[in-house]
Amino acid sequence: MNRKLMEDSFRLLQAEMSPIAGIQLHLSPAECEQLFSVLERHDLEYDRKVHLLGIYIILTVAAERHMECAPHHPDLTRNILDGDYLYSFYLQFAVKCRELDLVAYLAPSIKKMQIARSNGDFADQNPAADIEEFLIQEQRQQGRTSKAI
């Protein structure tokens, strides 16, 4: 199941991403394992799992590209531009997938992470944990709504 989910997510991302950007998205199943376990704990439609994995992939690769930014690295400019493009692509992709609430939820943690990195703090980011917190919150809100009806 995880293999098919990855294939479908990568296929969707590559279809949506501008070919002019020249970015190849690569993550191993091990790198996606954190999100796989989150998705298994929640009752979600398959398409939504594909979308959430796509968002996770974009955020993870964008962070990796920015982490590869060293002052005299020969690909410094490329890494900065790739990371910046991927963050804007994340927003475009999330909007297309109707995940606006997730974008709003993740925005403060992404901003804090970007500020920390600009100050030289390259601590690992964990978008899977943030996505799970969002799904738990979303589930609670749906529970309240159904009880009110």
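**A walk through the helices**

Leaving out residues up to four places away in sequence, Ile131 touches Leu35, Leu52, Tyr56, Leu102 and Leu106. Keep in mind that what you're looking at is a predicted model. Ile131 belongs to helix α6, which runs over residues 127–148. Is Ile131 buried or exposed? With a relative accessible area of 0%, Ile131 is buried. One of the residues Ile131 touches is Leu106. Along the chain, Ile131 and Leu106 are 25 residues apart, yet their C-alpha atoms are separated by 7.8 Å.

Now let's move to helix α3, residues 46–67. How many of the 22 residues of α3 are buried? The count is 18, so this helix is mostly covered. You can also check its length: at 1.5 Å a residue, the 22 residues of α3 should span 32 Å, and since its end C-alpha atoms are 31 Å apart, the two agree.

Leu59 is a good place to stop on α3. With a relative accessible area of 1%, Leu59 counts as buried. Setting aside residues up to four places away in sequence, Leu59 touches Tyr87, Tyr90, Leu106, Ile110, Gln125 and Pro127. Take Tyr87 from that list: Leu59 and Tyr87 are 28 residues apart in sequence, but 6.8 Å apart in space, C-alpha to C-alpha. Leu106 is also on the list, and you've already met Leu106 as a residue that Ile131 touches.

Thr60 sits in α3 too. Its relative accessibility is 14%, and because the cut-off for buried is under 20%, Thr60 counts as buried. Apart from its neighbours within four places in sequence, Thr60 is in contact with Leu27 and Pro127. Pro127 turns up among the residues that Leu59 touches as well.

Next, how does α3 lie against helix α5, residues 100–118? Their axes come within 12 Å and cross at roughly 10°. Angles under 35 degrees count as roughly parallel, so α3 and α5 are roughly parallel to each other. On the α3 side, the contact is made by Leu52, Ile55, Leu59, Ala63 and Met67, while α5 brings Leu102, Leu106, Ile110 and Arg117. Sorted by class, the residues of this contact of α3 with α5 come out as eight nonpolar, no polar and one charged.

Helix α1, residues 2–16, also packs on α3, at an angle of about 65° and with the axes 9 Å apart. Since 65 to 115 degrees counts as roughly perpendicular, α1 and α3 are roughly perpendicular to each other. Their crossing is right-handed. Who meets whom here? From α1 come Lys4, Leu5, Met6, Asp8, Ser9, Phe10, Leu12 and Leu13, and they meet Tyr46, Lys49, Val50, His51, Leu53, Gly54, Ile57 and Ile58 in α3. By class, this contact of α1 with α3 has 10 nonpolar, three polar and three charged residues.

Finally, follow α1 over to helix α4, residues 76–96. The axes of α1 and α4 come within 11 Å and cross at roughly 110°, which makes α1 roughly perpendicular to α4. This crossing of α1 and α4 is right-handed. Leu12, Leu13 and Glu16 in α1 meet Phe89, Gln92, Phe93 and Lys96 in α4. The residues of that contact divide into four nonpolar, one polar and two charged. Notice Leu12 and Leu13 of α1: they meet α4 here, and they are also among the α1 residues that meet α3.

Technical notes:
Residues numbered from 1 in each chain as written. Predicted model: local features only at pLDDT ≥ 70, side-chain atom pairs only at ≥ 80, totals over all residues. Heavy atoms only, no water. Axes fitted to C-alpha atoms, helices over the stretch in contact; angles between N-to-C directions. Helix = DSSP H or I, 4+ residues; strand = E, 2+ residues; numbered from the N terminus. Parallel < 35°, antiparallel > 145°, perpendicular 65-115°, else oblique. Left-handed = near helix turned anticlockwise from the far one by under 90°. Contact = heavy atoms within 4.5 Å. Nonpolar A, V, L, I, M, F, W, Y, C, P; charged D, E, K, R; others polar. Buried < 20%, exposed > 50% of the residue type's maximum accessible area, 1.4 Å probe, protein only. Expected span 1.5 Å × (residues − 1).
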